[in-house]
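Visitor: I would like to learn how to read the empty spaces inside a protein. Could you take me through an example?

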Amino acid sequence: MDNSLFGSNLKYDLKSSLVVFLVALPLCLGIAIASGAPPMSGLIAGIIGGIVVGSFSGSHVSVSGPAAGLTVIVLDAISSLGTFELFLAAVVAAGLIQMILGFLKAGVLGYYFPHSVIKGMLTAIGLILILKQIPHALGYDKDTMGDETFLQADSHNTITEIWYAFKYFSPGAIPIVLISLGIILFFDRPQIKNHKVLGLIPGALWAVIGGILINQFYGTFITSWQLDGEHLVSIPVVDSLTSLGGLVTFPDFGLLTSPEFWIIAVTIAIIASIETLLCLEAGDKMDPYKRLSPSSKELVAQGIGNTVSGLIGGLPVTAVIVRTSANINSGAKTKLSAILHGVLLLVLVIGIASILNLIPLSCLAAVLFVVGYKLAKPSLFINEYKKGINQFLPFIVTVIAILFTDLLVGIGIGMIFGIFFVIRTNYQRSVIVTELKGSYLVKLQKDVSFLNKAPLMKKLSEIPSGSEVILNATKARFIDHDIQEVLNDFIDSSPDKNITVTIEGFNFNLNKTI
């Protein structure tokens with residue numbers, strides 16, 4: 001481990017780890033419940049994602065843990081295999097597959113995601129965070145925290161959930177979320193954040209302390225407003241080593257020879273790897289120091305994490321954008337922040353679970369509101385729009401697709417649009433025809449493939465009789481055989497139209513200059 005982790009960066013990383021811990025705690029629990037798994041499995045995955053993956057990862061800012069994008073897959077896998085123990089064995093197998101992918105350098109695929117799609121993913125996650133926290137902010141906690149899909153397990157969707165939240169709100173939640181937001185925004189001001197004393201403890205922690213105190217005040221003075229039950233964090237309380245052992249589940253490898261077992265393992269490995277590579281790319285773009293993370297090394301780290309997580313009863317882990325974003329925005333300098341957040345989950349969940357269970361979800365909603373806003377600022381839409389339709393359309397399509405489906409489906413739709421516009425842009429710029437006083441310059445640039453055949457034929461056919469034509473390929477790196485045939489046909493037919501052709505820069509046998 002880099003010695004710089006324990007140098008001057010420690011105070012920044014420790015502060016960031018507290019914020020990430022507060023963000024991760026409800027998400028780990030919510031994702032586990034939404035996946036049909038024991039709540040402790042989500043916490044185990046969060047601990048492993050922080051300590052194990054963080055230790056082996058080459059990323060400075062990404063944070064790993066259970067991912068909302070795998071919720072449906074986990075739910076279906078547990079149902080298909082029959083028991084949670086058999087599912088854990090599939091998680092172990094998936095981890096080993098990821099390690100193999102990492103050793104084979106498959107992480108390089110992460111560099112091929114279009115920038116507009118990555119931006120769209122970040123913005124969509126930000127909007128989802130804001131929309132999904134509105135019900136929790138109003139004290140309507142029927143849907144689990146961490147759910148990112150449009151269609152929810154409680155038979156509602158993101159929009160109708162907000163409608164019911166306004167209809168059946170809990171009055172005590174509203175002052176808590178507003179005061180918590182005020183505290184976070186106050187401590188987020190540069191003069192406070194950088195203060196020697198006030199800046200030591202993040203605003204999110206003060207907001208949580210304030211939320212607990214306000215709810216305790218309700219219990220004494222306004223009992224009808226006090227939040228309890230589903231409105232609070234709910235962690236299994238560990239009061240002895242014996243009870244801790246009862247919360248850990250071990251895998252059952254009884255279906256190791258079953259094709260269905262391996263189909264599920266491969267599916268988890270591939271989906272978890274894709275989500276990790278997306279998050280890794282996004283995290284590097286948000287990193288203020290613009291450091292690049294080794295993607296294949298990250299797959300190995302994730303594989304080790306999933307293997308360990310499956311062995312001790314945890315959900316699959318991936319790099320996760322919400323926690324990564326909270327980490328970066330809280331000022332993390334090194335990966336020590338991710339490791340420390342895992343340590344906090346381990347120590348505090350075991351040591352002070354009864355105190356953590358006093359935290360109102362409306363208070364944590366305020367923390368996630370701020371994270372969501374920083375991911376989806378209005379200025380992001382304006383900046384992407386200014387880049388032109390080729391960037392803006394894939395961006396906005398990705399945002400809308402993720403909002404109304406889920407992360408993986410939305411990314412897939414965004415990728416289709418992104419790749420289309422990449423091809424379209426190259427298609428338009430590969431062949432350029434300019435005219436000056438009856439002379440035509442046909443310039444072939446970069447890679448000219450069969451996709452350019454039709455427009456090239458059209459442009460050549462529009463050159464009038466008696467013209468002088470220069471075919472220039474000095475900047476072309478590749479010219480498809482179909483394009484060579486079009487150019488040869490044009491040269492062969494040019495005497496019939498009294499066209500003079502000059503050839504420049506071709507490194508293959510094109511017809512001789514006429």
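Visitor: How many cavities of 30 Å³ or more does the count come to?

Guide: This is a predicted model, where local features need pLDDT of at least 70 and side-chain atom pairs count only at pLDDT 80 or more, while totals for chains, interfaces and linings use all residues. Residues are numbered from 1 along each chain as its sequence is written, and side-chain values use heavy atoms, with hydrogens and water left out. On a 1 Å grid over the protein atoms alone, a cavity is a set of points where a 1.4 Å probe fits but cannot get out. By this rule there are five cavities of 30 Å³ or more.

Visitor: What volume does the largest cavity have, and which residues are closest to its centre?

Guide: A volume is the space filled by probe spheres set on the grid points, which are joined across faces, edges and corners. The largest cavity has about 290 Å³, and 20 residues line it (each with an atom within 4 Å of a point); Val 19, Ile 184, Asp 188, Ser 330 and Lys 374 are the closest to its centre.

Visitor: Which helix gives the largest share of that lining?

Guide: Helices are DSSP runs (H or I, at least four residues), numbered from the N terminus. Helix 16 gives the largest share of the lining of the largest cavity, with four residues, and helix 16 spans 361–375.

Visitor: What volume does the second largest cavity have?

Guide: The second largest cavity has about 80 Å³. Among its 13 lining residues, Leu 129, Lys 132, Gln 133, Gly 146 and Asp 147 are the closest to its centre, and helix 5 (residues 115–137) supplies the largest share, five residues.

Note on methods:
1 Å grid on protein atoms, 1.4 Å probe; cavity = no way out; pocket = protein on both sides within 12 Å on 5 of 7 lines; lining within 4 Å. Helix = DSSP H or I, 4+ residues; strand = E, 2+ residues; numbered from the N terminus.
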